[in-house]
Amino acid sequence: GNWTNIKAHTEEMEYLETNAIRTIEAGEEIFSSYNLCEECGGRKRGYGTAELFRDYGFIEQFPQRWHYMEQDYHFDLDQDENGVLQVTWLKKHRPR
């Protein structure tokens, strides 16, 4: 499931505004996502878990976004509370 607890809004070179998206308990870490950030300079499309590893040297917990640009395959990979992986295709078609 989604482990983030904040949503950040940025105005390039102006400000960063961060808001809680659920209750954050005292002592709990604040988590944002580099991978699923909608405002992070083009990361919304074509940027995913593999690119995050390439650029920053780490990968985030689930959900993860994967792009195979040459084959035009794009999907999110998530894990439910029982540890079962779930794939959500981001395009109408998927591989056979």
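Here are a few questions and answers on this predicted model. Residues count from 1 along each chain as its sequence is written. Local features need pLDDT of at least 70, side-chain atom pairs count only at pLDDT 80 or more, totals for chains, interfaces and linings use all residues, and side-chain values use heavy atoms, with hydrogens and water left out.

Q: In what order do the elements run from the N terminus on?
A: The protein has one helix and five strands. Both are DSSP runs, helices being H or I with at least four residues and strands E with at least two. From the N terminus on, the order is β-β-α-β-β-β.

Q: What share of the residues in the protein is buried?
A: Buried means under 20% relative accessible area, exposed means over 50%, and partly exposed lies in between, with a 1.4 Å probe and protein chains only. Of the 96 residues, the buried share is 23%.

Q: Why is the pair of Tyr56 and Phe58 stacked, edge-to-face or tilted?
A: Rings of Phe, Tyr and Trp (its six-membered ring) pair if their centres lie within 6.5 Å; planes under 30 degrees apart count as stacked, over 60 as edge-to-face and the rest as tilted. The structure holds four aromatic pairs. In this one the centres are 6.3 Å apart and the planes sit at 50°, so the Tyr56 and Phe58 pair is tilted.

Q: What is the relative accessibility of Phe58?
A: Its ring partner Tyr56 is partly exposed, at 38% relative accessible area. Phe58 also counts as partly exposed, and its value is 32%.

Q: Which residues do ring pairs link into a cluster?
A: Ring pairs join up several aromatic residues here. The cluster consists of Tyr68, Tyr73, Phe75 and Trp89.
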